[in-house]
Every structure is written in structure tokens, then in C-alpha cells.
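Colleague: I am new to this structure and would like a close look at a single part of it. Could you pick one spot, walk me through its surroundings, and then show me how it fits into the whole?

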Amino acid sequence: DEAVKILLPSELQSAISQLKSTSAGRKVYDELIKDIEADMILSLNRAAEKAVVKAKPIFVTAITSMTVQDGFNILKGSDDASTNYLRNKTFNQLLNAFKPDIKDVLDDPIVYNKSSEQLYSTFVKTYNDVERNDFINALNLSPINEKDLATFVTERALDGMFQKIALKEKDIR
């Protein structure tokens, strides 16, 4: 779903944009990075799809443990009151349930016998080494601080799931 599609971390997207801003960088991107970027994005989204099935029992527990007061608050609340209730009651459990499955998918080789996690880590390390080099830093590069791809994907998967729930809740109300 394009509305909740997980893209690469914004810092990496920015680095790729900087690379594509020159003709030489564009050539490197087109010949070496473009296909890897597409494979990584596919991997991120497949990881999220694999993990989302773990949400149902966690949601069932949150709903069956709802108090009468919780129900009244949702009934009288905003268009996304039940979504907020579920997010508040389940987010940490979902994070812990999703992350291992997401990490497993991100650790599977996708290209050149390397996983998304390996490609991302190598890119971040190399890019940050270049960024710290005073001579090369005339390019005005910004460091990439997002170190953990699995956490990034897990959080984006949860954001997307709750976005979809909020849309469904709005339709119901």
C-alpha cells in the first residue's frame, strides 16, 4: 500500500539525493545503487508484512481487558479515540513482537549475497567515514545517525498499521 510504504530512512534518502545531484553521482546511482535501493525497500516492506500477523492476539488482549470507563472514553472521544487506545495499550508489546521477525527478514541476503541490514550498515559506515573526512567534506554532507535498521522498520510498520486502523475507525464513526 503506497500510503504506508516504508522507504529508506530519511538520512539515507538525503544522502542518495545528494549523490544524484551531480552527473557523476547520478551515473554511480543509476549503475550501482538504484537496483539495490529498490531491493532494500522491497525487503523493508516484506519484513513489515511478515511481522504484522502478530498484532491480532495483542489487540484481542487489549480489547478484552478494556474497562467500562475506557469504552465510554472511546465512545465520547475523537475520531481516532479507539486507535489511540490501542496504540497506548499495545505499542511496546507490538514493538517487541514485530522486531525479531523484521530483523530476520532484514538479515536474509537480497543482493550480492548481502542482507538489507549488511548493505545499510556498510553504506552508513562508509558514508559517515567520507562525511568526517575534511577534504571530502567540501561536499557539505550530513552524518547518518540512524544506526538500527530493524528498529526503524519496526516503528514505521507500527505507524503504518495504526494509520490504517485510524482510517478504518473514521469510516466506522
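Modeller: Happy to. Let's take Thr 83, which sits in helix α5. Please keep in mind that what you see is a predicted model. Is Thr 83 buried or exposed? Its relative accessibility is 4%, and since buried means under 20%, Thr 83 counts as buried.

What surrounds Thr 83, once residues up to four places away in sequence are set aside? Its partners are Phe 162, Ile 165, Ala 166 and Glu 169. Take Ile 165 as an example: 82 residues separate it from Thr 83 in sequence, yet the two C-alpha atoms are 6.3 Å apart in space.

Now step back along the chain to Asp 80, in the loop between α4 and α5. With a relative accessibility of 30%, Asp 80 is classed as partly exposed, whereas Thr 83 is buried. If you ignore its neighbours within four places in sequence, Asp 80 is in contact with Ala 166 and Glu 169. You have met both names already, as Ala 166 and Glu 169 are also among the residues that Thr 83 touches. For a sense of distance within this region, compare Asp 80 with Gln 69: they are 11 residues apart in sequence, and their C-alpha atoms lie 17 Å apart in space.

The loop that holds Asp 80 joins two helices, so let's see how those helices meet. Helix α4 covers residues 68-76 and helix α5 covers residues 81-106. They pack at an angle of about 135°, and their axes are 8 Å apart. The two helices are therefore oblique to each other. On the α4 side the contact is made by Asp 70, Asn 73 and Ile 74, and on the α5 side by Ala 81, Ser 82 and Tyr 85. Sorted by character, the residues of this contact come out as 3 nonpolar, 2 polar and 1 charged.

Helix α5 also appears in the surroundings of another residue, Ile 58, which belongs to helix α3, residues 55-64. Ile 58 has a relative accessibility of 14% and so counts as buried. Apart from neighbours within four places in sequence, Ile 58 is in contact with Thr 90, Gln 93, Leu 94 and Ala 97. You can find those positions within the span of α5, residues 81-106. As for a position much later in the sequence, Leu 167 comes 109 residues away from Ile 58 along the chain, and their C-alpha atoms are separated by 20 Å.

If you follow the chain onward, you come to the strands β1 (109-111) and β2 (114-115), with Tyr 112 in the loop between them. Tyr 112 has a positive phi of about 55°, although it is not a glycine. At 62% relative accessibility, Tyr 112 counts as exposed. Asn 113 is found in that loop between β1 and β2 too, and its phi is near 55°, again a positive value in a residue other than glycine. Asn 113 is exposed as well, with a relative accessible area of 67%.

Finally, here is the whole chain, to put these parts in place. What does it contain in the way of helices and strands? There are 7 helices and 2 strands, and along the sequence they run in the pattern α-α-α-α-α-β-β-α-α. The radius of gyration is 20 Å, well over the 16 Å that the globule rule gives for 173 residues, so the chain is more spread out than a compact globule. Its C-alpha atoms fill a box of roughly 65 × 30 × 25 Å, taken along the principal axes.

Of the 173 residues, 36% are buried, Thr 83 being one of them. The chain exposes about 10500 Å², with carbon and sulfur atoms supplying 55% of that area. Among the contacts with a separation of 6 or more, 74% are between residues 24 or more positions apart. The pairing of Thr 83 with Ile 165 makes a handy example to look up in the structure, as these two touch and are 82 residues apart in sequence.

Terms used. Residues numbered from 1 in each chain as written. Predicted model: local features only at pLDDT ≥ 70, side-chain atom pairs only at ≥ 80, totals over all residues. Heavy atoms only, no water. Axes fitted to C-alpha atoms, helices over the stretch in contact; angles between N-to-C directions. Helix = DSSP H or I, 4+ residues; strand = E, 2+ residues; numbered from the N terminus. Parallel < 35°, antiparallel > 145°, perpendicular 65-115°, else oblique. Contact = heavy atoms within 4.5 Å. Nonpolar A, V, L, I, M, F, W, Y, C, P; charged D, E, K, R; others polar. Rg over C-alpha atoms; globule rule 2.2 N^0.38 Å. Buried < 20%, exposed > 50% of the residue type's maximum accessible area, 1.4 Å probe, protein only. Areas by Shrake-Rupley, 256 points an atom, 1.4 Å probe, with all protein chains shown as cover.
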